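Me: I would like a close look at a single part of this model, followed outwards to whatever else can be said with care. Please keep the reply connected rather than listing items.

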Amino acid sequence: MLPLPADIFTEPEDVSPDSLANLGPLRRLAGTWQADKGIDINPKADGPERRTFIERIRMDPIDPQANGPQLLYGLRYHIHINTPEEDITFHDQVGYWLWEPATGLVMQTLAIPRGQVLLASGKAAPEDTKISVTAKRGDTAYGICSTDFLEQAFRTDSYRCDITLNDDGSWSYLIQTELFVRGAPFNHHDSNTLLLVAPPKLNPLAAIVNERAKGNRPA
(Lines give C-alpha, C1' and ligand atoms only; values in the text may rest on other atoms or scores of the structure.)
Protein backbone atom coordinates (compact mmCIF):
# COMPACT_ATOMS: atom_id res chain seq x y z
CA MET A 1 0.00 0.00 0.00
CA LEU A 2 1.37 3.41 -0.99
CA PRO A 3 1.74 6.04 1.77
CA LEU A 4 -1.04 8.60 1.90
CA PRO A 5 -0.22 12.11 0.65
CA ALA A 6 -0.43 14.98 3.10
CA ASP A 7 -3.40 16.38 1.19
CA ILE A 8 -6.09 13.71 0.77
CA PHE A 9 -8.85 16.14 -0.29
CA THR A 10 -7.67 18.14 -3.31
CA GLU A 11 -8.66 16.60 -6.63
CA PRO A 12 -6.42 16.87 -9.71
CA GLU A 13 -7.15 19.71 -12.11
CA ASP A 14 -5.46 18.47 -15.30
CA VAL A 15 -8.00 15.75 -16.01
CA SER A 16 -8.62 14.64 -19.58
CA PRO A 17 -12.34 14.45 -20.43
CA ASP A 18 -11.69 11.57 -22.88
CA SER A 19 -11.84 8.33 -20.90
CA LEU A 20 -11.29 6.11 -23.94
CA ALA A 21 -7.90 7.74 -24.51
CA ASN A 22 -6.86 7.17 -20.89
CA LEU A 23 -7.97 3.62 -20.13
CA GLY A 24 -4.51 2.13 -20.58
CA PRO A 25 -4.71 -1.67 -20.82
CA LEU A 26 -8.51 -1.54 -20.47
CA ARG A 27 -8.97 0.42 -23.71
CA ARG A 28 -9.36 -2.70 -25.83
CA LEU A 29 -12.18 -3.99 -23.62
CA ALA A 30 -14.44 -1.05 -24.47
CA GLY A 31 -17.44 -1.87 -26.66
CA THR A 32 -20.05 -4.61 -26.92
CA TRP A 33 -18.90 -8.22 -27.15
CA GLN A 34 -20.48 -11.58 -27.82
CA ALA A 35 -19.63 -15.28 -27.98
CA ASP A 36 -21.54 -18.56 -27.91
CA LYS A 37 -18.90 -21.09 -26.82
CA GLY A 38 -18.19 -20.18 -23.21
CA ILE A 39 -17.43 -23.03 -20.81
CA ASP A 40 -18.57 -23.18 -17.18
CA ILE A 41 -17.50 -25.86 -14.66
CA ASN A 42 -19.70 -25.65 -11.57
CA PRO A 43 -20.51 -27.80 -8.53
CA LYS A 44 -23.59 -30.04 -8.44
CA ALA A 45 -24.79 -32.72 -6.03
CA ASP A 46 -23.59 -35.49 -8.37
CA GLY A 47 -20.23 -33.86 -9.09
CA PRO A 48 -18.83 -31.17 -11.41
CA GLU A 49 -21.10 -30.04 -14.26
CA ARG A 50 -19.79 -28.68 -17.57
CA ARG A 51 -22.06 -26.19 -19.36
CA THR A 52 -21.65 -24.33 -22.65
CA PHE A 53 -23.03 -20.80 -22.53
CA ILE A 54 -23.87 -17.77 -24.69
CA GLU A 55 -22.45 -14.49 -23.43
CA ARG A 56 -22.95 -10.81 -24.21
CA ILE A 57 -20.87 -8.10 -22.50
CA ARG A 58 -21.31 -4.35 -22.82
CA MET A 59 -18.48 -2.12 -21.54
CA ASP A 60 -19.12 1.63 -21.61
CA PRO A 61 -16.52 4.27 -20.69
CA ILE A 62 -17.45 6.43 -17.70
CA ASP A 63 -16.30 9.93 -16.79
CA PRO A 64 -13.02 10.24 -14.83
CA GLN A 65 -13.41 9.51 -11.14
CA ALA A 66 -11.41 11.03 -8.27
CA ASN A 67 -10.82 9.98 -4.68
CA GLY A 68 -9.14 13.22 -3.62
CA PRO A 69 -5.81 13.11 -5.50
CA GLN A 70 -6.39 9.56 -6.80
CA LEU A 71 -7.59 9.64 -10.41
CA LEU A 72 -9.31 6.68 -12.05
CA TYR A 73 -10.57 6.01 -15.58
CA GLY A 74 -12.95 3.15 -16.16
CA LEU A 75 -15.61 1.09 -17.86
CA ARG A 76 -19.08 0.26 -16.55
CA TYR A 77 -20.03 -3.25 -17.64
CA HIS A 78 -23.02 -5.57 -17.82
CA ILE A 79 -22.70 -9.29 -18.52
CA HIS A 80 -25.67 -11.41 -19.57
CA ILE A 81 -25.31 -15.17 -20.03
CA ASN A 82 -27.77 -17.87 -20.99
CA THR A 83 -27.46 -21.40 -22.36
CA PRO A 84 -28.61 -23.08 -25.58
CA GLU A 85 -30.95 -25.31 -23.54
CA GLU A 86 -32.72 -22.62 -21.49
CA ASP A 87 -34.16 -19.16 -22.13
CA ILE A 88 -33.90 -18.02 -18.51
CA THR A 89 -30.80 -16.04 -17.54
CA PHE A 90 -27.93 -18.32 -16.50
CA HIS A 91 -25.79 -15.50 -15.09
CA ASP A 92 -26.19 -11.74 -14.73
CA GLN A 93 -23.40 -9.45 -13.53
CA VAL A 94 -22.67 -5.73 -13.30
CA GLY A 95 -19.69 -3.70 -12.17
CA TYR A 96 -16.74 -1.54 -13.17
CA TRP A 97 -13.25 -2.03 -14.54
CA LEU A 98 -10.99 0.80 -13.29
CA TRP A 99 -7.42 1.88 -14.01
CA GLU A 100 -5.20 4.34 -12.14
CA PRO A 101 -2.63 5.70 -14.63
CA ALA A 102 -0.33 7.05 -11.88
CA THR A 103 0.27 3.61 -10.32
CA GLY A 104 -0.89 0.99 -12.85
CA LEU A 105 -3.53 -0.23 -10.41
CA VAL A 106 -6.32 -2.20 -12.11
CA MET A 107 -9.56 -2.95 -10.28
CA GLN A 108 -12.71 -4.89 -11.03
CA THR A 109 -15.91 -4.54 -9.04
CA LEU A 110 -18.47 -7.32 -9.37
CA ALA A 111 -22.05 -7.71 -8.20
CA ILE A 112 -24.39 -10.61 -8.95
CA PRO A 113 -28.09 -10.84 -8.02
CA ARG A 114 -27.61 -13.84 -5.79
CA GLY A 115 -26.18 -11.83 -2.92
CA GLN A 116 -22.47 -11.50 -3.68
CA VAL A 117 -20.10 -8.61 -4.36
CA LEU A 118 -16.34 -8.24 -4.61
CA LEU A 119 -13.50 -5.85 -5.39
CA ALA A 120 -10.46 -7.40 -7.10
CA SER A 121 -7.13 -5.76 -7.92
CA GLY A 122 -3.94 -6.17 -9.93
CA LYS A 123 -1.30 -4.14 -11.75
CA ALA A 124 -0.82 -3.50 -15.47
CA ALA A 125 1.06 -1.15 -17.78
CA PRO A 126 -0.70 0.70 -20.63
CA GLU A 127 0.71 -1.60 -23.33
CA ASP A 128 0.11 -4.90 -21.50
CA THR A 129 -1.89 -7.59 -23.30
CA LYS A 130 -2.49 -9.63 -20.14
CA ILE A 131 -4.48 -8.38 -17.17
CA SER A 132 -4.99 -10.26 -13.90
CA VAL A 133 -6.98 -9.28 -10.81
CA THR A 134 -7.57 -11.18 -7.57
CA ALA A 135 -9.68 -10.94 -4.43
CA LYS A 136 -9.79 -12.97 -1.20
CA ARG A 137 -12.47 -13.62 1.38
CA GLY A 138 -11.74 -11.67 4.56
CA ASP A 139 -9.54 -9.05 2.87
CA THR A 140 -10.77 -5.60 3.89
CA ALA A 141 -9.19 -3.88 0.87
CA TYR A 142 -9.80 -6.28 -2.03
CA GLY A 143 -12.27 -8.81 -0.72
CA ILE A 144 -15.43 -10.84 -1.22
CA CYS A 145 -18.77 -10.39 0.57
CA SER A 146 -21.59 -12.95 0.38
CA THR A 147 -24.96 -13.80 1.95
CA ASP A 148 -25.23 -16.08 4.98
CA PHE A 149 -26.48 -18.91 2.76
CA LEU A 150 -23.58 -18.64 0.30
CA GLU A 151 -21.10 -18.40 3.18
CA GLN A 152 -22.39 -21.68 4.60
CA ALA A 153 -23.25 -23.65 1.46
CA PHE A 154 -20.94 -22.34 -1.30
CA ARG A 155 -18.27 -20.28 0.43
CA THR A 156 -16.04 -18.32 -1.95
CA ASP A 157 -12.48 -18.18 -0.60
CA SER A 158 -10.76 -16.52 -3.56
CA TYR A 159 -11.36 -15.07 -7.01
CA ARG A 160 -9.00 -14.64 -9.95
CA CYS A 161 -9.71 -13.22 -13.42
CA ASP A 162 -7.05 -13.51 -16.13
CA ILE A 163 -7.65 -11.61 -19.38
CA THR A 164 -5.67 -11.97 -22.60
CA LEU A 165 -5.99 -9.36 -25.36
CA ASN A 166 -5.60 -11.31 -28.59
CA ASP A 167 -3.86 -10.19 -31.79
CA ASP A 168 -7.08 -10.49 -33.83
CA GLY A 169 -8.91 -7.92 -31.68
CA SER A 170 -10.81 -10.45 -29.58
CA TRP A 171 -10.12 -11.06 -25.90
CA SER A 172 -10.24 -14.16 -23.74
CA TYR A 173 -10.72 -14.72 -20.04
CA LEU A 174 -10.30 -17.44 -17.45
CA ILE A 175 -12.10 -16.88 -14.16
CA GLN A 176 -11.37 -19.17 -11.23
CA THR A 177 -13.25 -19.04 -7.93
CA GLU A 178 -12.07 -21.30 -5.16
CA LEU A 179 -15.19 -22.53 -3.38
CA PHE A 180 -15.71 -24.57 -0.22
CA VAL A 181 -18.74 -26.82 -0.81
CA ARG A 182 -19.95 -29.35 1.78
CA GLY A 183 -16.62 -29.38 3.53
CA ALA A 184 -14.51 -29.80 0.39
CA PRO A 185 -12.68 -27.36 -1.92
CA PHE A 186 -13.96 -26.88 -5.48
CA ASN A 187 -12.39 -24.93 -8.36
CA HIS A 188 -15.31 -23.26 -10.14
CA HIS A 189 -14.05 -21.85 -13.42
CA ASP A 190 -15.36 -20.13 -16.54
CA SER A 191 -13.65 -19.32 -19.82
CA ASN A 192 -14.59 -17.66 -23.09
CA THR A 193 -13.29 -15.67 -26.07
CA LEU A 194 -15.32 -12.57 -26.99
CA LEU A 195 -15.72 -10.91 -30.40
CA LEU A 196 -16.56 -7.23 -30.90
CA VAL A 197 -20.10 -6.63 -32.21
CA ALA A 198 -20.38 -2.86 -31.58
CA PRO A 199 -17.74 -0.18 -30.97
CA PRO A 200 -17.71 1.84 -27.76
CA LYS A 201 -19.37 5.21 -27.34
CA LEU A 202 -17.71 8.24 -25.78
CA ASN A 203 -18.12 8.81 -22.06
CA PRO A 204 -20.69 11.54 -21.25
CA LEU A 205 -18.17 14.34 -20.58
CA ALA A 206 -16.18 13.62 -23.75
CA ALA A 207 -19.40 13.66 -25.80
CA ILE A 208 -20.35 17.08 -24.36
CA VAL A 209 -16.87 18.51 -25.00
CA ASN A 210 -16.90 17.21 -28.59
CA GLU A 211 -20.31 18.73 -29.31
CA ARG A 212 -19.25 22.09 -27.90
CA ALA A 213 -16.10 22.02 -30.04
CA LYS A 214 -18.35 21.61 -33.11
CA GLY A 215 -20.45 24.58 -32.01
CA ASN A 216 -23.40 22.35 -31.17
CA ARG A 217 -25.43 22.38 -28.01
CA PRO A 218 -25.36 19.00 -26.17
CA ALA A 219 -28.71 17.23 -26.10
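To begin with, does Ser19 count as buried or exposed, and at what relative accessibility?

Reply: The model is a predicted one, and what follows should be read with that in mind. Because its relative accessibility is 0%, under the 20% cut-off, Ser19 counts as buried. Ser19 belongs to the segment that precedes β1 (31-42). A polar atom of the Ser19 side chain lies 2.5 Å from the backbone oxygen of Ile62. Once residues up to four places away in sequence are set aside, Ser19 touches Pro61, Ile62, Asp63 and Pro64, and also Tyr73 and Asn203.

One of these partners, Pro64, leads on to Leu72, since Pro64 is also among the contacts of Leu72, together with Gln65, Asn67, Leu98, Trp99, Glu100 and Met107, when neighbours within four places in sequence are left aside. Leu72 is found in strand β4, and, because its relative accessibility is 6%, Leu72 counts as buried too. Between the C-alpha atoms of Leu72 and Thr140, which are 68 residues apart in sequence, the separation in space is 20 Å.

Strand β4 (residues 70-83) in turn gives the most to the largest nonpolar core, with six residues. That core holds 36 residues, and Leu26, Trp97, Tyr159, Ile163 and Trp171 touch the most other members. In soluble globular proteins, nonpolar side chains tend to be buried together. For Tyr159, leaving aside neighbours within four places in sequence, the contacts include Gln108, Leu110, Leu118, Ala120, Val133 and Ile175.

Ile175 is in contact with Asp190 as well, as are Ile39, Asp40, Phe53, Tyr173 and Leu174, again without neighbours within four places in sequence. Asp190 lies in strand β12 (residues 184-198) and, because its relative accessibility is 16%, counts as buried. The C-alpha atoms of Asp190 and Pro12 are separated by 39 Å, with their positions 178 residues apart along the chain.

Asp190 also brings us to the largest pocket, where Asp190, His91, Ile112, Arg114 and His188 are the lining residues that lie nearest the centre. This pocket has a volume of about 990 Å³ and is lined by 39 residues, which divide into 23 nonpolar, nine polar and seven charged. Strand β5 (residues 86-100) supplies the largest share of that lining, six residues.

Note on methods
Residues are numbered from 1 along each chain as its sequence is written. This is a predicted model: local features need pLDDT of at least 70, side-chain atom pairs count only at pLDDT 80 or more; totals for chains, interfaces and linings use all residues. Side-chain values use heavy atoms; hydrogens and water are left out. On a 1 Å grid over the protein atoms alone, a cavity is a set of points where a 1.4 Å probe fits but cannot get out, and a pocket is an open set with protein on both sides within 12 Å along at least five of seven lines; lining residues have an atom within 4 Å of a point. Grid points are joined across faces, edges and corners, and a volume is the space filled by probe spheres set on the points. Helices (H or I, at least four residues) and strands (E, at least two) are DSSP runs, numbered from the N terminus. Ala, Val, Leu, Ile, Met, Phe, Trp, Tyr, Cys and Pro count as nonpolar, Asp, Glu, Lys and Arg as charged, and the others, Gly among them, as polar. A nonpolar core is a set of buried Ala, Val, Leu, Ile, Met, Phe, Trp, Tyr and Cys residues joined through side-chain atoms within 4.5 Å. Buried means under 20% relative accessible area, exposed over 50%, partly exposed in between (1.4 Å probe, protein chains only). Contact means heavy atoms within 4.5 Å. A polar contact is a pair of N or O atoms within 3.5 Å; within protein, one must be able to donate a hydrogen and the other to accept it, and residues adjacent in sequence count only if both atoms are side-chain atoms.
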